[in-house]
Every structure is written in structure tokens, then in C-alpha cells.
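Biologist: I am new to this structure and would love a close look at one part of it. Could you pick a single residue, walk me through its surroundings, and then show me a few other places for context?

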Amino acid sequence: MNARGICKILQSRADGWAEGELVLANPGWREYAVMDAAKCQKIPSLEGMDVSVTQFLGALGGTGLTAWFGIKEVAGAGKEDTVVVSGAAGAVGSMVVQIAKHIIGCKRVIGIAGGEEKCRWVKEHLGADACVDYKASSFVDDLKKETEGFVEVYFDNVGGEILDLMLTRIKRHGRVAACGAVAEYNKDGERGYGIKNWFEVVSNRIEIKGFIMWDFLDKAAEATKEMVKATREGKIKIDVDNETVVETGFEGVPETWMKLFEGGNRGKLITKLV
């Protein structure tokens, strides 16, 4: 079974790769693997930082890279842009908010999240200029108020009705980075929400581009270094709440991963084979 992992080099025949070093690789679910050095990635030093190396499988790994490439390269967000991020309290969304606000320096960053507590966290902890509660009865009016004058960029993690609404809040020649569709997951055979405002895409020449992180794998090492630098400088906040690490042997893997469906984890769920 394919899986991304943090691996320790036990033996090396490759120049520049020393025994004992930790690397990122795709060894699959196994205890030992022979890997091509060209397909491995060295892990930048976290010396002096209160950040676990396991964050390279989450906020500083695929999750963070998805946010990094999605907002910077797919959406092409710039300093003069107003950006809306759905799922702003989630693993990817929370990184998008921070990258847009504190690294790119976007003019305004607006989050969409569920509940007052999450919205407060997105604003006070992540630094968003505003966050709209999609669970509130006033959500539509609140979103229209926060996007008065319309926006240049929408980072979509949810699809469904929120995407449909956001199509009416995007400026001419605006951009949408289509990252996820949480509202459509696990429909169990039910028909998904049909987009009703599609003509907005035509009339306003809106560009919608889907992507996955693997599209940018050749740039991952450099982007990871940039995210570590930004974390060291305090531009990105990474806390213990970003992940749940479970130590187990192979026999405990199925039980461990059922936590994803039982609410037994906070942030990225990491399995540490022992």
C-alpha cells in the first residue's frame, strides 16, 4: 500500500546521503525499503524550533505544500488581491490563510469556517482579516458584506453550495483554486449539489483550475525550505494541535486509522511504526 513516510537511513550507497539521516520518501506500508535517492527528500533542520519532525507529514508536508502551491501558483495570488478561503480552520485552509496573509501579503484574507470558535481562531490565531460562519443563519448576508466590492481569488476546499455562492462574489477575470469538495464527500450514492451560478464563470471570465500537490513534486523540496523558514520567522504558526501521533505496530494500523471516522484525532493523523 502506497504511503508517504519519514524514514531513517540504515545503509547508503548514494553520495550525500548519510546513515542515520531522516528523509521523506514513499516507502509504502513496510518496515524496511530500498529507495532510489533521487526519489527521496532531505528534511530541513528544525534546530531551535519547537516543532516536531512529524509535521513534515502534515503542515510542513503534503498539507502545507498543497496550500503553498495552490494559493501561490494555481491561484497566482498577489499583494493587491482579496482572497477568500473556505475550510479556513482545516488542515489545508489554515495554511492557505497564513501563506496568503503573512507570506504573500495579500490585501485582504477572508476565511469561511463552521462555528464562532473556529472563526475566532482563524482571525485571532491565523491572522485572517475576517472569517464568516457558514453555520450562521445570516451566512449569505455576512459573506456578501465581507466581500463587498468582490474578490480576485477564491481557494475552494468544499465545493457545493458555498462554491456556488462564491461564483457570484468573484471579480471579472478572477481565479478559483479547486482543491477539495468536502461538501460532496461520502454522499453514498446521492446526487451532488448542482452548480446553479455557472454562467458567472462565462460572463466574468472566471478561471477555475483543479490541482493536486503531486503536480508540483519537482518543486517540493524548495517550497518545504521556504515554509520552514517562514515558521522559524513566525509567519506560519504550527502547534501540537496540528497533529495526532499514534505509536503502533502493523497489527494496530487498521484500528489506528479508524480514528479518522470516529473523531479520535485532531489535525493530521500520523502513524508511528514501533
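Modeller: Happily; what follows starts at one serine and then moves on to a sheet and a surface patch. Please keep in mind that this is a predicted model.

Let us begin with Ser86, which lies in strand β4, a strand made of residues 82-86. Is Ser86 buried or exposed? Ser86 counts as buried because its relative accessible area is 0%, and the cut-off for buried is under 20%. Which side chain does the side chain of Ser86 meet in a polar contact? The partner is the side chain of Tyr154, at 3.0 Å. Tyr154 also appears among the residues in contact with Ser86 once neighbours within four places in sequence are left aside. That list further includes Phe155, Asp156, Asn157 and Val158, along with Ile112 and Ile162.

Next, have a look at an open sheet of 3 strands, ordered β1-β2-β3 with antiparallel pairing. The edges are taken by β1 (5-8) and β3 (41-42); each has a single partner strand, so one side of each has no neighbour in the sheet. Strand β2, residues 22-25, pairs with β3 in the antiparallel sense over 2 bridges. To find this pairing on your screen, look for Leu24, whose bridge partner in β3 is Gln41.

Finally, turn to the surface. Ile195, Trp198, Phe199, Val202 and Ile208 make a nonpolar patch there of about 510 Å². One of these residues, Trp198, sits in the loop between β8 (170-178) and α6 (199-203).

Technical notes: Residues numbered from 1 in each chain as written. Predicted model: local features only at pLDDT ≥ 70, side-chain atom pairs only at ≥ 80, totals over all residues. Heavy atoms only, no water. Helix = DSSP H or I, 4+ residues; strand = E, 2+ residues; numbered from the N terminus. Buried < 20%, exposed > 50% of the residue type's maximum accessible area, 1.4 Å probe, protein only. Polar contact = N/O pair within 3.5 Å; in protein donor to acceptor, adjacent residues only side chain to side chain. Contact = heavy atoms within 4.5 Å. Pairing = 2+ DSSP bridges. Patch = residues over 30% accessible without salt bridge, like charges linked within 9 Å, V, L, I, M, F, W, Y side chains within 5 Å. Areas by Shrake-Rupley, 256 points an atom, 1.4 Å probe, with all protein chains shown as cover. Salt bridge = Lys/Arg side-chain N within 4 Å of Asp/Glu carboxyl O.
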